[in-house]
Amino acid sequence: MMTPRLLQNGRLPPALEAELATLYDVHPLWAEPDVPAFLARHGREFVGLVTSAAVGADATLIGALPRLRVIASFGVGLDLIDLDAAARRDVAVGFTPDVLNDCVADLAFALLLDVARGVSAADRHVRRGGWLSARWPLTTRVSGKRLGILGLGRIGRAIARRGAGFDLDVRYTSRRPVEGVSWRFEPSVVELARWADFLVIAAAGGTATRHLVSAEVLDALGPQGFLVNIARGSVVDEAALVDALVAQRIAGAGLDVFENEPNVPPELFGLDNVVLLPHLASGTHETRKAMADLVRDNLHAYFSTGRLLTPAPLH
Ligand code: 8YV
């Protein structure tokens, strides 16, 4: 059998790039100076596309690969992959769910504890010598409070389970109530926000969830409430969030994701009630290795059996 020819959209972890290069005939699209010209000339050669949640695969790219049979993505988010375009062409799409749940849920708690207790801000205070002249103000207790989770998928559930360790009262909202869980369902994001001390976003990105966390939701969260986002920046109306933080209409926010990454609204840089991270929730050695292995194993399964191990859900 001929070695399948794969197109690589965007960079992947170096070890995964190296491993795929030993198994397939991989071409780096990211190194092409003129992508449309390259695709027009060579698009027919590729049966597979390997990409990541950060880069995805749009309808133009899928359309430029007429013999494409499989897309394997590094990451769980599917918001940048045109699933409809893939489905119309019967292209299988694989992604890397589950293996990153724990690290993303851990980071949600890191942000929650940090923003409520002022960990990063107090660290900056110590480093600039502030402890010598000023006490650090009191902060907000986490244990025993109310945790609202927007989106009770795999990651939302991992966050909810961790809530028990902090004696948090957990409620959630999602498209519909989730069967078989004991956490209480709130029918709307506004009601969840009104109830919660901490609102954690764990919903998938994409058009269905765009700006679900609006100015109204932030006002319902209120001046004692904190927002944490480890999902996608698109779920939040970022301009409304900046306004709410600057005007202290919410207490604070811990953000790993933004609407226009890697651009972060500069209005947030001077605020001590905000923790800003560069989209690193799944970024541990262990989890990134597990994600990379699943990309490799999805491709192997597809090319040897015609089936992916973890196919993307069809809408
Ligand atoms: C990754 C992610 O950091 O899996 C996802 O959807 O957002 C993250 O795990 C990254 O986007 C992978 O490309």
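**Ligand, sheet and buried strands: how do we know?**

Me: In this predicted model, what makes the approach of the ligand to Gly77 a polar contact?
Reply: An oxygen atom of the ligand lies 2.7 Å from a polar backbone atom of Gly77. A polar contact needs a pair of N or O atoms within 3.5 Å. The pair at Gly77 therefore qualifies.

Me: Why does His279 count as a polar contact of the ligand too?
Reply: Here the protein partner is an N or O atom in the side chain of His279. A ligand oxygen is 2.8 Å from that atom. The limit is 3.5 Å, so His279 passes.

Me: And what about Ala54?
Reply: A polar backbone atom of Ala54 is 3.3 Å from an oxygen atom of the ligand. That is still within 3.5 Å, so the Ala54 pair counts. As for cover, the protein takes up 90% of the 320 Å² of accessible area that the ligand has on its own.

Me: Which residues come nearest to the ligand?
Reply: Val76, Gly77, Arg232, His279 and Ser282, out of 13 residues around the ligand.

Me: What makes up the shell by class?
Reply: There are 6 nonpolar, 5 polar and 2 charged residues. Gly counts as polar and Arg as charged, so Gly77 and Arg232 fall in those classes.

Me: How do you know that strands S4 and S5 pair?
Reply: Pairing takes at least two bridges. S4 (residues 70-74) is joined to S5 by 3 bridges, so the two strands pair. They run parallel. Ile71 stands opposite Val93 in S5.

Me: Where do these strands sit in the sheet?
Reply: The open sheet has 5 strands in the order S2-S1-S3-S4-S5, with parallel pairing. Strand S2 (25-28) and strand S5 (92-94) are the edges, since each pairs on one side only. Direction ignored, neighbouring strands of this sheet are turned by 20° against each other on average.

Me: What makes S9 and S10 a pair?
Reply: S9 (residues 198-201) and S10 share 4 bridges in the parallel sense. Two would be enough, so S9 and S10 are paired. Phe198 stands opposite Phe226 in S10.

Me: How do you know that both faces of S10 are covered?
Reply: Look at the residues on each side of S10 (residues 226-229). Phe226 and Val228 are buried on one side, Leu227 and Asn229 on the other.

Me: Why is Ala121 called buried?
Reply: Its relative accessibility is 3%. Buried means under 20%, so Ala121 qualifies. Ala121 belongs to helix H6 (residues 119-127). Leu271 is 150 residues apart from Ala121 in sequence, but 9.1 Å apart in space, C-alpha to C-alpha.

How values were computed. Residues numbered from 1 in each chain as written. Predicted model: local features only at pLDDT ≥ 70, side-chain atom pairs only at ≥ 80, totals over all residues. Heavy atoms only, no water. Axes fitted to C-alpha atoms, helices over the stretch in contact; angles between N-to-C directions. Near = heavy atom within 4 Å. Polar contact = N/O pair within 3.5 Å; in protein donor to acceptor, adjacent residues only side chain to side chain. Areas by Shrake-Rupley, 256 points an atom, 1.4 Å probe, with all protein chains shown as cover. Buried < 20%, exposed > 50% of the residue type's maximum accessible area, 1.4 Å probe, protein only.
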